[in-house]
Amino acid sequence: MAALDLFGRRWALRILWELRAGPLGARALLTRCAGLSSSVLYQRIRELTSSGIIAPSADGYELTELGAALIQALRPLDEWSIAWARSREQNDQNPVEA
């Protein structure tokens with residue numbers, strides 16, 4: 001349950017998702033996560049770092065091996081969400097007639 005508590009915090013998963021392709025600095029994370037405040041970003045960075053999921057790097061922050069494994073575990077959820085969004089779009093474009 002501790003993992004759900006951590007990942008359920010606002011912006012935590014989004015920060016991890018943005019780091020999936022490689023290290024990013026705080027400014028880049030703020031740009032990619034429109035609406036994220038710097039105070040919340042740094043709070044999440046502290047939490048994710050202390051959990052061993054991200055680590056500081058020369059280029060900002062990066063996923064650890066544990067963080068990369070988490071991203072691989074999230075990929076099926078990403079694929080499901082894309083399929084779900086497409087089905088919603090199709091339903092919106094083809095409403096059922098009463």
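# Exercises on fold and salt bridges

The protein chain has 5 helices and 2 strands, where helices (H or I, at least four residues) and strands (E, at least two) are DSSP runs numbered from the N terminus. This is a predicted model, in which local features need pLDDT of at least 70 and side-chain atom pairs count only at pLDDT 80 or more, while totals for chains, interfaces and linings use all residues. Residues are numbered from 1 along each chain as its sequence is written, and side-chain values use heavy atoms, with hydrogens and water left out.

**Exercise 1.** Describe the order of elements and the overall dimensions of the protein chain.

Solution.
- Step 1: along the sequence the pattern is α-α-α-α-β-β-α.
- Step 2: the C-alpha trace spans about 55 × 25 × 25 Å along its principal axes.
- Step 3: the radius of gyration is 16 Å, against near 13 Å for a compact globule of 98 residues; this radius is taken over C-alpha atoms, and the globule rule is 2.2 Å times the number of residues to the power 0.38.
- Step 4: 29% of the 98 residues count as buried, where buried means under 20% relative accessible area, exposed over 50% and partly exposed in between (1.4 Å probe, protein chains only).

**Exercise 2.** Work out the salt bridges of E18 and the exposure of its partners.

Solution.
- Step 1: a salt bridge is a side-chain nitrogen of Lys or Arg within 4 Å of a carboxyl oxygen of Asp or Glu; the whole structure holds 4.
- Step 2: E18 pairs with R14, with the closest N and O atoms 2.8 Å apart. Both residues lie in helix α2 (residues 12-18), 4 residues apart, about one turn of the helix.
- Step 3: E18 also pairs with R32, at 3.6 Å between the closest N and O atoms. This pair links distant parts of the chain, as E18 is in helix α2 and R32 in helix α3 (residues 26-32), 14 residues apart.
- Step 4: E18 is buried at 12% relative accessibility, whereas R14 is partly exposed at 34% and R32 is partly exposed at 43%.

**Exercise 3.** Place R44 in its surroundings.

Solution.
- Step 1: R44 belongs to helix α4 (residues 38-50) and is buried, with a relative accessible area of 10%.
- Step 2: leaving out residues up to four places away in sequence, R44 touches R9, R10, A12 and I15, a contact being heavy atoms within 4.5 Å.
- Step 3: E47 forms a salt bridge with R44, the closest N and O atoms being 3.2 Å apart. The two are 3 residues apart in helix α4, so about one helical turn separates them.
- Step 4: E47 is buried, as is R44, and a network of salt bridges links R9, R44 and E47.
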